[in-house]
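Colleague: I am new to this model and would like a close look at one small part of it. Could you then show me how that part fits into its surroundings?

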Amino acid sequence: MVFITKKKFIVTVAIIAVIAVAVSVCGVCIFAHKSQTVAKFYEHTVVIDAGHGGIDGGVVGSQGVKESDINLKMAEILKNILESNGIGVVMTRTTKDALNNIKRLDMQARKEIIVKTAPSAVISLHVNRFSDSSRRGAQVFYDDTGIGKDFAESMQRGINENINAKYSGRDDYEAIGGDLFITKCVKVPSIIIECGFISNAEDEKLLLSQEYCRELCGVIAGVLTDALIV
Ligand SMILES: [Zn+2]
């Protein structure tokens with residue numbers, strides 16, 4: 001038996017009340033994580049799509065590194081930076097696997113995640129390859145029938161000034177419009193960023209370095225955060 005004086009009783013009731021509030025708050029958090037309602041806790045949520053995955057490795061580097069793995073590494077770094085900037089993130093994939101082994105169904109599954117999330121923006125991360133191995137740098141693509149052009153141009157400018165000028169010696173890349181499935185899923189600014197050319201030995205080295213990935217993702221997150229949070 002516990003003997004409680006009147007004063008102690010009031011203190012005890014107060015403590016129980018505080019604990020009850022804390023438990024209920026934690027309960028909400030746990031529930032939220034389970035139900036993936038990221039958007040409720042952030043003013044803005046962005047979908048990050050790490051391109052390819054599973055049997056579809058995308059382009060392959062000289063040492064056998066797959067684009068799909070570089071894309072996932074980039075996506076994880078970008079996610080961390082955006083979340084620390086107060087922006088919610090939903091990833092289309094978080095493992096090396098694709099969402100489906102059939103490409104069409106894999107892309108459809110990505111679209112379903114994007115539609116369900118109803119994000120403020122979509123960023124799909126890829127790595128490029130070109131027959132001319134001197135081609136270098138990161139490039140931005142958007143749907144030329146959609147609303148992503150301004151965002152794509154801002155992103156390309158930020159990447160040109162802070163990444164391409166520094167690493168590939170050119171800052172004149174323009175964002176390119178096209179008919180691109182992943183940028184047409186929802187009516188919000190949606191872009192593809194080709195993070196560099198794996199067909200160029202210097203770019204390949206950069207894409208495999210943590211430093212370049214962090215720097216590029218820092219620029220991407222900066223432009224995105226400026227666009228979303230005025
Ligand atoms: Zn790709």
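How many C-beta neighbours does A118 have inside 10 Å, and does A118 count as buried or exposed?

Modeller: Happy to help! This is a predicted model, in which local features need pLDDT of at least 70 and side-chain atom pairs count only at pLDDT 80 or more, while totals for chains, interfaces and linings use all residues. Residues are numbered from 1 along each chain as its sequence is written.

A118 has 12 C-beta neighbours inside 10 Å, so A118 counts as exposed. The cut-offs are these: a residue is exposed if 12 or fewer other C-beta atoms lie within 10 Å of its own, buried if 20 or more do, and partly exposed in between, with C-beta atoms placed from the backbone. A118 sits in the loop between α3 (103-117) and β3. Helices (H or I, at least four residues) and strands (E, at least two) are DSSP runs, numbered from the N terminus. Just after α3, A118 takes a positive phi of about 50°, although A118 is not a glycine. As background, most residues other than glycine have a negative phi.

Now step back into the helix that leads to A118. With 15 residues, α3 reaches 21 Å from its first C-alpha to its last, close to the 21 Å expected at 1.5 Å a residue; the expected span is 1.5 Å times one less than the number of residues. The buried residues of α3 are D106, R110, I114 and T117. They cover an arc of only 80° around the axis, which puts them on the same side of α3; the arc is that of the directions from the helix axis to the C-beta atoms. An α-helix has 3.6 residues a turn, so residues three or four places apart point the same way. On the other side of α3, R104, L105, V115 and K116 are exposed. The buried residues of α3 pack against β1, β2 and β3, where contact means that two C-beta atoms, placed from the backbone, lie within 7 Å.

Those strands belong to a sheet. Six strands form an open sheet in the order β2-β1-β3-β6-β4-β5, with mixed pairing; two strands pair if DSSP finds at least two bridges between them. β2 and β5 (176-178) stand at the edges with a single partner strand each, so one side of each is left without a neighbour in the sheet. From one strand to the next, the twist averages 25°. β3 and β6 pair in the parallel sense over six bridges, and L125 stands opposite I193 in β6.

Two other helices touch this sheet. α2 packs on the sheet, touching β1, β2, β3 and β6, and its direction makes about 145° with that of β3. α6 lies across β1, β3 and β6, running at about 160° to β3. Such axes are lines fitted to C-alpha atoms, for helices over the stretch in contact, and angles run from 0 to 180 degrees between N-to-C directions. Among the buried residues of α2 are I70, L72, M74 and I77.

I193 also leads into the interior. Leaving aside neighbours within four places in sequence, I193 is in contact with I123, L125, A138, V140, M155 and I220. I191 and I193 have the most contacts inside the largest nonpolar core, which has 48 residues; such a core is a set of buried Ala, Val, Leu, Ile, Met, Phe, Trp, Tyr and Cys residues joined through C-beta atoms within 7 Å. The largest share of this core, eight residues, comes from helix α6 (residues 210-228). In soluble globular proteins, nonpolar side chains tend to be buried together.

It helps to compare A118 with two other loop residues. H52, in the loop between β1 and α2, has a phi near 65°, again positive in a residue other than glycine. H52 counts as buried because it has 25 C-beta neighbours inside 10 Å. G86 lies in the loop between α2 and β2 and takes a positive phi of about 85°. With 13 C-beta neighbours inside 10 Å, G86 counts as partly exposed.

Finally, the whole chain: there are six helices and six strands, and of its 230 residues, 38% count as buried.
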